[in-house]
Amino acid sequence: MKDDKSKAELNYRDLTQSDKDLVSKLATGGFSRREVLKLSMATGVSLVAAEHLLTDGKAVNAATPKKGGSLRMASNLHGPDDQLDPTLFTSTIDYTRGRATYNSLVQHSNDLTPQPELAESFEPNANATEWTFKIRKGVTFHDGKKLTADDVVYTMKRHQGEASTSVIKSVLASVKEWKKTGSMEVKAILESPNADLPTLLGLFQTKIVKDGSTGEGIGTGPYVMDSFQPGVKSVHTRNKNYWREGANLDAIEITAITDPVARVNALISGDMQMVTQIEPNAFRQVESADNVTLLSTPAALQLGICILKNTAPGNNDDFVKGMQYIQDRERIVKRVLKGKGSLGNDTPISSAHGADFCSELPQRAYDPDKAKFHFKKSGISSAQLFVAPVTGGIEDVCLTAQANCAKIGFDLQLKKVPTDGYWGAVWMKEPLNVVTWNMRPTANSQLGIQFGPGAAWNDTFWDNKRMGELLSLSLAETDPAKRHAMYCEMQTLVHNGSGMVIPAFSNINDGIANNVMGMPTVPLGQLGGCEWPEFVWLA
Amino acid sequence: MTEQVASKKEAEVIAELDSFAELPDAPPKRKFRLTWVGYVSCAVVAFWLIICLIGPSIAPFHEMDMDGDDSFLPAGEGEYGHFYLGTDYLSRDTLSRILYGARNTIGISLAATLIAYLIGITLGILAAVKGGWIDMGISRVNDAILALPTIMLGLIVIAALGSSIPILIGTAAIIYATSVFRIARALGQDIMVQDFVEAAQTRGEGIWWIIRAEVLPNAAMPLATDFGLRLVFVVLFISSLSFLGLGVQPPASDWGSMVRENLQGLTYGSYAAIWPALAIASFTIAINLIVDDISAKSGGSLAKKMV
Amino acid sequence: MMTRMVMQRIGIGFATLWVVSVIVFVATSILPGDVAEIVLGQSATPETLAALRAELGLDQPWYIRYFGWLGNMMTGDLGISKAGGATISSLIGGRLGNTVMMAGWVAVISIPISIALGLWAAMHPGTWLDRIVTFGTLSLISVPEFFIATVAVLILAVELHWLPSTAYMTGEENFLELMKALAMPLITLVIVVSAQMIRMTRAGILNVMSSPYIEMAILKGVPRSRIIMRHAFYNAIGPIINVIALNLAYLVSGVVIVETIFAYPGLAKLMIDGVQTRDLPLVQACAMIFCGTYVVLILIADIGSILSNPRLRNPK
């Protein structure tokens, strides 16, 4: 271990400056593992060095984890609807409890490649219409029962069928059948080829539960659930029989503080060691406190305005163009997100998606004259936008747009509505509404979920045949250049044709106490994609 | 009923009114004179009422303009003008937002409180005077609304009907009418057992006469004392709705929401949350001091002599 | 006489409870979205919605749902939370204790303070002392709770590190640790509630002071402290008890902002959560508790008023 490290450092010193820049970019994320390996070959950095940079990009992660201690984590939302049933997980606090209690077949690494977890290995057949999962041996549930293929098949079937209430039912709809092919082997038979199936099996909702149960807090995960009070807190202690390293802490307590100001104060005053969702207004406070760190992970967390294409005024292309040009993207990133975000180009793909991001697509800029021109051409002089605080900063984005619209004589009215009931009553119903999506692990699932023709959550009702073709073609494409060209074409289609306005992407911003070490940086959710229970330790 | 009978009745009423004024139990005549505290408070209220009218036209910026160089700036010169009270969390001018917001805060709370009083007093005195099933019915519904948390009621109404200024006023008015009803009904009942009312009843006075001549004047002062507090509660109710993300629609400003949205600035030493809090406090305290002054002057004149 | 009144009031209490249950049922039904939509949120599809509605029994007509709930309620079965699947009694159990504990401590601290300060201010009307009390209480009443709470946290927890910023309880504290954990919300609520009670006590006593028999006593030359303690206070008890009762009811049901800021698991926040998730059985259960508390407190206040007012005590 020690030798490997010195070797890595030696190799790193041998690099030229431009290589070093490249490599340091790798360490801060934004490149997939595939590219890292390719680059490491090109630059002559040994694989070991590249791996070190990738996984140990932060100095804090280089030290050996220490066992012991306990910590408290506060999420931003909880309530009587807190769940232990993975198929109904919808909030950060559920995801985190799920990570502490259960395991999935597949785990996402920091660079979003699927890693084996309860599946020792996963292999597709030649055309990716069947996937075979070998289940890990010697894994036991917290109550002592051994994990078998039956548990896996039972868990996966909970996402299928008419009576299924799983929130990812439609995401996993491409799987025709889950079949037990051995006592420790499971096969997924697909409707159509899907090379990305393993990444879907790393979703928060696919945690493996015991055959016949709905979860109930008994899993194979690193922590055993001691107590669970929905809307209050849960206490977890270390699983002494955990099947791998990890679970460094003696105990963790998971709760939520819904008031953002109170949440930050709880972190700084030391009541909590980890909190999620630091709002942009609090960045300075967290950064200037000497006992805590602001973790800002670049992610494709979109601040979106959906304009329905199947009704007025969204069916008027000029209106959509006007709404896109009136977004002062630079200002939103600088003022609203305080620099912790990136420019949006009216597509859901950001540089956080790695190679599939189309950097060639010209950035749409704030242009009040063009906006005025398009609004005028559309013949529309006012519109009503429904706003709910679905994600931090979205209201401020709308307020910025409103102020800019007023300057060119367009009357953009904001209708503020509560978050509860929003997804059922407003989103995909009102002609103009706001939206956010958790970042999906692949560009394909991100584009498919929102823009696939006829997709359940095609939230701008934009129906594009070519988009549908490209979505399935790209899944089967293995040539990186061709694949990139396809993704670029899809992003261009969305950029030009859909009713989506995405002026910016927010980073994921959380706060941790300085003695919390080993934080993962998976960009799929708060606090390292909610993966932290397995990795963190206290210095 | 013939005109003759009606006019005869009127004459009787006037005669009895005159004789009643001589009774020892008659309510004291009230005079409104103010102390200097009262005059200062009147000046403050008058100031804010004027701001309600002219606020937007004297504001240096529009309430929605994000013209500051950054959020939570202290007072000073900016690129587009002078920010006398600094900028808020979205780099808007705090002073302008207070000037614009006066209209919403004072307008909504005054309107809601007045409507609450209208509903509450009418129903309360009706219940007290009529009694029986009418009292029973109104009181049960009233108790039921009063027993439920105000924020929850506000949340339900606004989630169901949407948030607009008329709905905010209506919701606040109905919620706070319940407390007014309780007070008005209790006062009404209290007064109905007083000797002078019984005397009037024995004389065969009509119910409306008793309400107008006996119940209302005697209930006026305690109700006025309550008015000031009720107004404060309405202002706070609107601001607590903003705590739940409801309330006045953006970009309109109201003082309570301004306190809420700029709370984070306190940690940077920004006064963006303190100015609107001061605005709320100055207006509501002034109203209450005026009410105090009037009630001390009229009712507690002897109590004052004791000092 | 008193027993008859109490029995009558208990009957009235049940009538009020029933009205509350109807209001809550109607109110939550007119809200956009049902519990299935809220639980599935952004991920809802028509199929999963239909499946979850069937599972939760939401596809039944309203009268079956309402009377089913009413029937269970009569037998003491509060039902199961539609949103999370936990039993309502388990959700409410610990929180009810927390709420009662917080309300109790606030009452124990603030009632004596309020009555003492209110009396004191009423004994010296128009003086500087009185003006300071009046002005101070008005200032505290007119500032939003969340402002007071946040300023208190910034000073006492973030800057000085004297107290924890949240009321986080592990359940294993001794008395001192518990008091420390509860200190911040206690301070905030005592400030908010006392300010109002002081003001009403003062106003109540001054009001009585203007009545003819007190004027008579003053003219007879009875010392003012004696008048206040013997006569005025006794006669002002009715209104004061009423204000205390309403404030206690508020402490049980209305402290959602304080519970939110200090992450204190109490009933008020639970009910708001229930409304926001359209969890009807949960909202109903909370409403029943709040309404029951209110009815009992008002009953006590009414008995107090009647006992202290001879006219009401012996109606003609």
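Here are a few worked exercises on a predicted model with chains A, B and C.

**Exercise 1. Helix H3 of chain B**

Task: Work out what span helix H3 (residues 94–130) of chain B should have, and check it against its end C-alpha atoms.

Solution:
- Start with the length: H3(B) has 37 residues, and the rise is 1.5 Å a residue.
- The expected span takes 1.5 Å times one less than the number of residues, which gives 54 Å for H3(B).
- Now compare: the end C-alpha atoms of H3(B) are 52 Å apart, which agrees.
- Look along the helix as well, and you will find a bend of about 40 degrees at Gly101(B).
- Just past the end of H3(B), Gly131(B) has a positive phi of about 65 degrees.

**Exercise 2. The surroundings of H3(B)**

Task: Decide how far H3(B) is enclosed by the rest of the structure.

Solution:
- A residue counts as buried if 20 or more other C-beta atoms lie within 10 Å of its own.
- In H3(B), 26 of the 37 residues are buried, so the helix is largely enclosed by the rest of the structure.

**Exercise 3. Helices packed between chains A and C**

Task: Classify the packing of helix H8 (residues 260–268) of chain A with helix H7 (residues 145–159) of chain C.

Solution:
- The angle between H8(A) and H7(C) is about 5 degrees, and their axes are 10 Å apart.
- Angles under 35 degrees count as roughly parallel, and H8(A) and H7(C) are therefore roughly parallel to each other.
- On the H8(A) side, the contact is made by Val261(A), Ala262(A), Asn265(A) and Ile268(A); H7(C) brings Thr150(C), Val153(C), Ala157(C) and Val158(C).
- Sorted by class, the contact of H8(A) with H7(C) has six nonpolar, two polar and no charged residues.

**Exercise 4. Helices packed between chains B and C**

Task: Do the same for helix H5 (residues 150–161) of chain B and helix H12 (residues 267–276) of chain C.

Solution:
- H5(B) and H12(C) pack at an angle of about 10 degrees, with axes 10 Å apart.
- These two helices, H5(B) and H12(C), are therefore roughly parallel to each other.
- Ile151(B), Met152(B), Leu155(B) and Ile156(B) of H5(B) meet Met271(C), Ile272(C) and Val275(C) of H12(C).
- The contact of H5(B) with H12(C) has seven nonpolar, no polar and no charged residues.

**Exercise 5. The contact of chains B and C**

Task: Describe the side of chain C that touches chain B.

Solution:
- Chain C supplies 48 residues to the contact and chain B supplies 45 residues.
- Helix H1 (residues 2–30) of chain C gives the most to this side of chain C, with seven residues.
- By class, this side of chain C has 33 nonpolar, twelve polar and three charged residues.

Conventions. Residues numbered from 1 in each chain as written. Chains lettered and ligands numbered in written order. Predicted model: local features only at pLDDT ≥ 70, side-chain atom pairs only at ≥ 80, totals over all residues. Helix = DSSP H or I, 4+ residues; strand = E, 2+ residues; numbered from the N terminus. Bend = angle between axes of the 7 residues up to and from the residue. Buried ≥ 20, exposed ≤ 12 C-beta atoms within 10 Å, placed from the backbone. Axes fitted to C-alpha atoms, helices over the stretch in contact; angles between N-to-C directions. Parallel < 35°, antiparallel > 145°, perpendicular 65-115°, else oblique. Contact = placed C-beta atoms within 7 Å. Nonpolar A, V, L, I, M, F, W, Y, C, P; charged D, E, K, R; others polar.
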